[in-house]
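Work through the exercises below with the model open beside you. Try each task before you read its solution.

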Amino acid sequence: MSLAFAARIEGDTIRCTITADRPLDAPVFCFSLMAPAACRSGGTLTASLGGYAEVTLPDLAAGTPHDVVLAYDNPGFRPVNRAWLPLGAYLRTAGGCLPLPALPGGRHP
């Protein structure tokens, strides 16, 4: 199983792109943010506790990127750098948990 994961800041939202090399039925995207999250598109927020969130995704087709657009639930919070992106992201499926690749860290001038 090979998974690709990318996230980028777009204004006041975070666009996450998930790609799997095989079909996945009813995956749940699990991650942590600095504060409670909202899901603007690409899935349904089904659980949230502090900065931890779970977003139920539609079935994913093999090799087809799927975008999930997140925002901070508090309109006063805006992501300003990579520290505000999802941490510890993984997909939960009927077959178990599938870790998503870590996002790049560190400082880039």
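Four exercises follow, each with a worked solution.

This is a predicted model, where local features need pLDDT of at least 70, side-chain atom pairs count only at pLDDT 80 or more, and totals for chains, interfaces and linings use all residues. Residues are numbered from 1 along each chain as its sequence is written, and side-chain values use heavy atoms, with hydrogens and water left out.

**Exercise 1. Place histidine 66.**
Find the strand that holds histidine 66, and decide whether histidine 66 is buried or exposed.

*Solution.*
Step 1: Histidine 66 lies in strand E7, residues 66–72. Strands (E, at least two residues) are DSSP runs, numbered from the N terminus.
Step 2: Histidine 66 is buried, because its relative accessibility is 15%. The cut-offs are under 20% relative accessible area for buried, over 50% for exposed, and partly exposed in between (1.4 Å probe, protein chains only).
Step 3: List the contacts (heavy atoms within 4.5 Å). Leaving aside neighbours within four places in sequence, histidine 66 is in contact with residues including Cys16, Gly42 and Leu57.

**Exercise 2. Explain the setting of E7.**
Why is E7 largely enclosed, and which strands pair with E7?

*Solution.*
Step 1: 6 of the 7 residues of E7 are buried, so the rest of the structure largely encloses this strand.
Step 2: Two strands pair if DSSP finds at least two bridges between them. Strand E2 (residues 13–20) pairs with E7 over 6 bridges, in the antiparallel sense. Here threonine 13 stands opposite alanine 71.
Step 3: Strand E4 (residues 37–41) also runs antiparallel to E7, joined by 4 bridges. Here serine 41 stands opposite valine 69.

**Exercise 3. Follow serine 32.**
Which residues does serine 32 touch beyond four places in sequence?

*Solution.*
Step 1: Serine 32 is in strand E3 (residues 28–32). Serine 32 is partly exposed, at 29% relative accessible area.
Step 2: The residues touched are Gly51, Tyr52, Leu85, Pro86 and Leu87.
Step 3: Take proline 86. Its C-alpha atom is 5.5 Å from that of serine 32, though 54 residues separate the two along the chain.

**Exercise 4. Search for disulfides.**
How many disulfides does the whole structure hold?

*Solution.*
Step 1: A disulfide is a pair of cysteine sulfur atoms within 2.5 Å.
Step 2: The closest cysteine sulfur to that of cysteine 39 is in cysteine 16, 9.0 Å away, so it is too far for a bond.
Step 3: For cysteine 97, the closest is in cysteine 30, at 6.7 Å, again too far for a bond.
Step 4: The search of the whole structure finds 0 disulfides.
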